Amino acid sequence: MGNFDATIPTTREEISATSEEILTSSEEILANREAIPSTREETLAAWFLGQANSGPEGDLLELGPETLGASRFCRDGENYLSPDLEVTDWKTLRNQSTKRFRFVHFTATGTYSELLNRIDMARFLLRVNGIVAITGYRAGHNPAAAAAVWHSVLAGTLRPICTTRHRFYGMWGDPAPVQNELLVWLASHVSGYAAEVHCIAKHRILHFNIT
């Protein structure tokens, strides 16, 4: 076997110093993960939140146990809200925040009627051409999530932009400009996204089989 050129710590002081270096390095890695999306799913979310700069100005709202870290993408003069989903007073939120947000994200927990109401609430809260993201829209443990999302699409109100295995992105304006901008970005992205284009009830939907 070849020579292994490394210094192995042997004394208590050397072992302690090495442990501190490893701990510091681990903390730096974790800190960097906060700033850099680690998956293609997160990268796509980051595009909607921060790289789609042609979208409207407005605040960011997240509801539910799973967040996107949207606060990192606030532009000058924008605010981030993340109230407790379980105790949110929807009537007060609607009265105080109509047409306030450019991006609303929530986790698809709850019953079918609750999710329909939440989707409808997002419509009132979003500014023109604002985007809604729904995490867990096809969760196997809650079929009401998929039923509520696709009912809203087929009813002609919610218009899909794209889907992944984990998340739905939609809006109440014309999604075509956003889809085209997204496709241009994907074509130049080094991670190799592949978009499946589906047409469902006259809606063009981009689907990404990513994690």
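In which sense do β7 and strand β8 (residues 203-208) pair, and over how many bridges? Let's load the chain and find out.

Before you click, know that this is a predicted model: local features need pLDDT of at least 70, side-chain atom pairs count only at pLDDT 80 or more, and totals for chains, interfaces and linings use all residues. Residues are numbered from 1 along each chain as its sequence is written, and side-chain values use heavy atoms, with hydrogens and water left out.

**Stop one: the whole chain**

Show the cartoon. You'll find 6 helices and 8 strands (DSSP runs numbered from the N terminus: helices are H or I with at least four residues, strands are E with at least two). Walking from the N terminus, the order of elements is α-α-β-β-α-β-α-β-α-β-β-α-β-β.

Now switch on the surface. Its accessible area is about 12100 Å², and carbon and sulfur atoms account for 53% of that (Shrake-Rupley method, 1.4 Å probe; for residues, only the protein chains shown count as cover). Of the 211 residues, 37% are buried (under 20% relative accessible area; exposed is over 50%, partly exposed is in between, with a 1.4 Å probe and protein chains only).

**Stop two: the sheet**

Select the strands. They make an open sheet of 8 strands with mixed pairing, in the order β2-β1-β3-β4-β6-β5-β8-β7 (two strands pair if DSSP finds at least two bridges between them). At the edges sit β2 and β7 (195-200), each pairing on one side only.

Zoom in on β7 and β8, and here's the reply to the opening question: they pair in the antiparallel sense over 6 bridges. Pick valine 197, and you'll find that its bridge partner in β8 is leucine 206. Next, add helix α6 (residues 176-187), which packs on the sheet and touches β5 (159-164), β6, β7 and β8 (contact means heavy atoms within 4.5 Å). The direction of α6 makes about 30° with that of β8 (axes are lines fitted to C-alpha atoms, for helices over the stretch in contact, and angles run from 0 to 180 degrees between N-to-C directions).

**Stop three: charged pairs**

Side chains of opposite charge can pair when their charged atoms come close. The count here is 6 salt bridges (a side-chain nitrogen of Lys or Arg within 4 Å of a carboxyl oxygen of Asp or Glu).

Select glutamate 66 and arginine 167: their closest N and O atoms are 3.5 Å apart. This pair links distant parts of the chain, 101 residues apart, with glutamate 66 in the loop between β1 (59-63) and β2 (80-81) and arginine 167 in strand β6 (residues 167-171). Glutamate 66 is partly exposed at 30% relative accessibility, whereas arginine 167 is buried at 3%. Add Glu41 to the selection, and you have a network of salt bridges linking Glu41, Glu66 and Arg167.

Then hop to helix α4 (residues 112-125), home to aspartate 120 and arginine 123, 3 residues apart, about one turn of the helix. Their side chains meet in a salt bridge at 2.8 Å, N to O. Aspartate 120 is partly exposed at 32%, and so is arginine 123 at 31%.

**Last stop: cysteines**

Select cysteine 74 and cysteine 162. Cysteine 74 is partly exposed at 27% relative accessibility, while cysteine 162 is buried at 0%. The disulfide count is 0 (a disulfide is a pair of cysteine sulfur atoms within 2.5 Å).
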